[in-house]
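This report looks at one protein chain, beginning with a single pair of side chains and ending with the chain as a whole. Please have the sequence and the model at hand while reading.

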Amino acid sequence: MREDIKYNNIIDGDEFARAQKAADDSAGLDHTQIDTEGFYVEQQYHKYSEENHRVWKTLWYKRWDVLEKQASETYLKGLRAINLNPDRVPLLFGEVPDPYEPGKTITGINEYLRPLTGWQSRGVPGYLPAKAFFSCLSRREFPSTIVIRPEDKMDYLPEPDIFHDVFGHVPLHADPVFADFLQTYGKAALLAGPEHEEALARLFWFTVEFGLISENGNLKVYGSGTISSHSESEYALTAPEGKGGRDNGQIERRPFNLDQVINTPFEIDHFQDIVYVLDSFEQLRDAMNDYANRVLEDSNAPAGA
Ligand SMILES: [Fe+2]
């Protein structure tokens, strides 16, 4: 977590250090030796402050106003399936009393998600190194940051928080096709040599983070970076088509094509000038399976071949 952002102290310092060390140490391990359990931290739900819940609620309603028009039906269906609560920071596991409404309880999203696809969201203190992250995905575990942005950083946060991770990513994990895609991504990324690193990062960026999909002839957003940002969604869906880039307020919406995606560089920290549009999530799953086969062929090839 960045020092310049003041988070509510919801993670114990020792636990934070232990989890971060386990994740960092995994970089030197063979993937078969990695135990993801060590990366996770307890979500101490009672430590979320009134401000934390208010931030969640404000972000939710700001997006919700237009999200039903902008977002993929698959995403919206997932959001309803995991019973995300608009008024409270999401609980990951179990059930707790609602801190502000006596007699009411809050149920963890994993209690709904796990029976659907076997995926679960696990609390982490912040960014995981790549190998640790891929290990989690390969086991159908999604590392979710459990801190939430402070009220004075409402509109721009340079790193993921629980709003980005849970509101943005987790609803799609309730869809069986997307669920399979993401696990295959994790497995392939773990086996992949350094020659695949860039391609896999691009595939993730142009789909999981900023992907669009055509549903019944309508353009919809599904990538987490887009879903969780009002201005990014507006831009992706309504900016005039063109190659002029963000300086001219234009965007290129290309039909999804695996080889084109993995050869497209991306830049962070500004609106995307190029986006890729899926026909369906099956198209994404099949493309991932193709890529995973390429990784397997390369990992089985004799050295120097
Ligand atoms: Fe993300």
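The side chains of Lys21 and Asp25 meet in a salt bridge, with 2.6 Å from N to O. The model is a predicted one. Both Lys21 and Asp25 belong to helix α1, which covers residues 13–25. They are four residues apart, about one turn of the helix. How open to the surroundings are these two residues? Lys21 has a relative accessible area of 51% and is exposed, because the cut-off for exposed is over 50%. Asp25, at 43% relative accessibility, counts as partly exposed.

Helix α1 also holds Glu15. Is Glu15 buried or exposed? Its relative accessible area is 17%, and buried means under 20%, so Glu15 is buried. Setting aside neighbours within four places in sequence, Glu15 is in contact with Tyr40, Val41, Glu42 and Gln44.

**Salt bridges**

By the rule used here, the count of salt bridges comes to 19. The table gives three of them, with the distance between N and O atoms.

| Positive residue | Negative residue | N to O distance |
|---|---|---|
| Lys21 | Asp25 | 2.6 Å |
| Arg80 | Glu73 | 3.2 Å |
| Arg253 | Glu241 | 3.1 Å |

In the pair of Arg80 and Glu73, Arg80 is partly exposed, with a relative accessible area of 45%. Glu73 is also partly exposed, at 44% relative accessibility.

For the third pair, the closest N and O atoms of Arg253 and Glu241 are 3.1 Å apart. This pair links distant parts of the chain, and its members are twelve residues apart. Arg253 sits in strand β7 (residues 252–255), while Glu241 sits in the loop between α10 (230–238) and β7. Arg253 is buried, with a relative accessible area of 17%, whereas Glu241 is partly exposed at 47%.

Salt bridges can also share partners. Arg88, Asp98, Glu101 and Lys104 are joined in this way into one network.

**A covered helix**

Helix α8 runs over residues 197–209 and is mostly covered. How many of its 13 residues are buried? The number is ten. Among them are Leu200, Leu203, Phe204, Trp205, Phe206 and Val208. The buried residues of α8 also include Arg202 and Glu209.

**The whole chain**

The secondary structure of the protein chain comes to twelve helices and eight strands. Along the principal axes, its C-alpha atoms fill a box of roughly 60 × 50 × 40 Å. Why can the chain be compared with a compact globule? A compact globule of 305 residues would have a radius of gyration near 19 Å, and the protein chain agrees because its radius of gyration is 19 Å.

Of the 305 residues, 53% count as buried. Among contacts with a separation of 6 or more, 64% are between residues 24 or more positions apart. The chain exposes about 14100 Å², and carbon and sulfur atoms supply 48% of this area.

Charges can be viewed for the chain as a whole too. The protein chain has 30 positive and 50 negative charges, and the mean positions of these two sets are 3 Å apart.

Conventions: Residues are numbered from 1 along each chain as its sequence is written. This is a predicted model: local features need pLDDT of at least 70, side-chain atom pairs count only at pLDDT 80 or more; totals for chains, interfaces and linings use all residues. Side-chain values use heavy atoms; hydrogens and water are left out. Helices (H or I, at least four residues) and strands (E, at least two) are DSSP runs, numbered from the N terminus. The radius of gyration is taken over C-alpha atoms; the globule rule is 2.2 Å times the number of residues to the power 0.38. Buried means under 20% relative accessible area, exposed over 50%, partly exposed in between (1.4 Å probe, protein chains only). Contact means heavy atoms within 4.5 Å. Accessible areas come from the Shrake-Rupley method with a 1.4 Å probe; for residues, only the protein chains shown count as cover. Lys and Arg count as positive and Asp and Glu as negative; His and the chain ends are not counted. The place of a charge is taken as NZ of Lys, CZ of Arg, CG of Asp or CD of Glu. A salt bridge is a side-chain nitrogen of Lys or Arg within 4 Å of a carboxyl oxygen of Asp or Glu.
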